[in-house]
Every structure is written in structure tokens, then in C-alpha cells.
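Biologist: Before I rely on the labels attached to this model, I would like to hear the reasoning behind each of them, with the value set against its cut-off.

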Amino acid sequence: MNWGKGLAISLIAFAAMMAAFGIASARRTESLVTDEYYAEELRFQQRIDAQGRAHALSAPVEFIPERGRLRIQFPAELAGKTITGELQMLRPNDPRADRKLSLKANEAGAFVSDPLDLWPGRYDASLEWQCDGVTYHSAEKLVVQ
């Protein structure tokens with residue numbers, strides 16, 4: 001084999017590899033974390049302020065996965081107060097597994113969800129909640145077994 005054939009084989013192999021990568025990337029569906037990313041970006045400063053209020057509490061909000069359910073425990077200083085909010089469970093690699101639910105905490109400052117059909121893997125939990133007219137925001141990465 002001379003150097004010309006080797007060069008031609010190398011170029012053909014490189015072109016085939018690039019075509020394979022192009023086809024593979026066209027078939028793969030990648031989505032944004034949320035379809036409403038522009039509206040979410042506009043609310044970013046409000047979210048930072050709400051996170052600051054949540055960090056100023058005596059303890060962080062706890063997200064506890066329990067046998068297909070999710071238990072959310074609010075700080076003890078908020079027990080007995082009306083706590084409402086909205087929880088988004090976003091799965092970064094597959095938006096079909098995203099979940100969104102409204103919540104209302106009980107008198108003990110806890111919320112236990114109905115059974116969720118969560119797929120094993122990582123979720124980004126984003127909780128925006130209100131107590132006494134003040135908005136808070138908490139976020140955590142959860143791994144469902």
C-alpha cells in the first residue's frame with residue numbers, strides 16, 4: 001500500500017465517523033430544563049430573594065423520598081402556620097419524567113405527597129412556597145433509587 005491509499009482510507013474513515021456522529025446527534029432528543037425558560041429567567045431576581053429568605057430560617061427545608069412518596073419538612077418555626085406552594089421535580093435528562101404538584105403543609109409543618117411515579121435517577125426539586133404572605137424558594141437535587 002502506498003501513502004496515497006492510506007491517506008484516502010483515513011479521510012474516508014474520518015468522513016464516515018463524522019456522518020455517524022451527525023446521525024446520532026440528530027436522533028437524540030435534548031430538551032431545555034423547562035419549556036418556559038425565558039419567563040423563568042425574568043423571575044430570576046425574585047427567586048434569589050426568595051432563596052435568601054429561606055436560608056435565613058433556622059433550618060433548611062428537607063426533601064425526604066419515602067417509598068414512592070416525597071415528604072417535605074419545613075422548619076420548626078413555621079409549624080402551625082399555613083404553608084402552601086408548588087413543587088417541580090425536573091429530571092434533566094428526560095422531561096417525560098418531570099412532575100409538578102401543589103402542596104399544603106399540615107399543622108406540624110410537613111407535607112407528604114400522594115404516591116409519585118418517579119423513575120430511578122436524579123431529579124432537581126424546586127419548591128416555591130408561601131407562608132404568612134412571604135414567598136420562599138428552596139431547591140435540592142434528589143436521587144430516587
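Biologist: Why is Glu128 called partly exposed?

Modeller: Glu128 has a relative accessible area of 25%, and because buried means under 20%, exposed over 50% and partly exposed in between, with a 1.4 Å probe and protein chains only, Glu128 counts as partly exposed. Please keep in mind that this is a predicted model, in which local features need pLDDT of at least 70 and side-chain atom pairs count only at pLDDT 80 or more, while totals for chains, interfaces and linings use all residues. Residues are numbered from 1 along each chain as its sequence is written, and side-chain values use heavy atoms, with hydrogens and water left out.

Biologist: What makes the pair of Arg43 and Glu128 a salt bridge?

Modeller: The closest N and O atoms of Arg43 and Glu128 are 3.3 Å apart, and a salt bridge is a side-chain nitrogen of Lys or Arg within 4 Å of a carboxyl oxygen of Asp or Glu, so the pair qualifies. The two residues are 85 apart along the chain, with Arg43 in the loop between α2 (37-42) and α3 (44-55) and Glu128 in strand β6 (residues 121-131); helices (H or I, at least four residues) and strands (E, at least two) are DSSP runs, numbered from the N terminus. Arg43 is partly exposed as well, with a relative accessible area of 33%.

Biologist: How do you know that Lys100 and Glu86 form a salt bridge, and which strands hold them?

Modeller: Their closest N and O atoms are 3.7 Å apart, which meets the criterion. Lys100 lies in strand β4 (residues 99-104) and Glu86 in strand β3 (residues 83-90), so the pair ties together parts that are 14 residues apart in sequence. Lys100, with a relative accessible area of 55%, is exposed, whereas Glu86, at 35%, counts as partly exposed.

Biologist: Why is Asp124 called buried, and what does Asp124 share with Arg122?

Modeller: Asp124 counts as buried because its relative accessibility is 19%, which falls under the limit, whereas Arg122 is partly exposed at 37%. Arg122 and Asp124 form a salt bridge, their closest N and O atoms being 3.2 Å apart. Salt bridges with shared partners join Arg122, Asp124 and Lys141 into one network, and the structure holds six salt bridges.

Biologist: What makes the link between Ser126 and His137 a polar contact?

Modeller: A distance of 2.8 Å joins their side chains, and a polar contact is a pair of N or O atoms within 3.5 Å, where, within protein, one must be able to donate a hydrogen and the other to accept it, and residues adjacent in sequence count only if both atoms are side-chain atoms. Ser126 is found in strand β6 and is buried, with a relative accessible area of 14%.

Biologist: Why are the rings of Trp129 and Tyr136 called stacked?

Modeller: Rings of Phe, Tyr and Trp (its six-membered ring) pair if their centres lie within 6.5 Å, and planes under 30 degrees apart count as stacked, over 60 as edge-to-face and the rest as tilted. By this rule the count comes to two aromatic pairs. The ring centres of Trp129 and Tyr136 are 4.4 Å apart and their planes lie at 15°, so this pair is stacked. Both residues are buried, and together with Phe74 they form one aromatic cluster.
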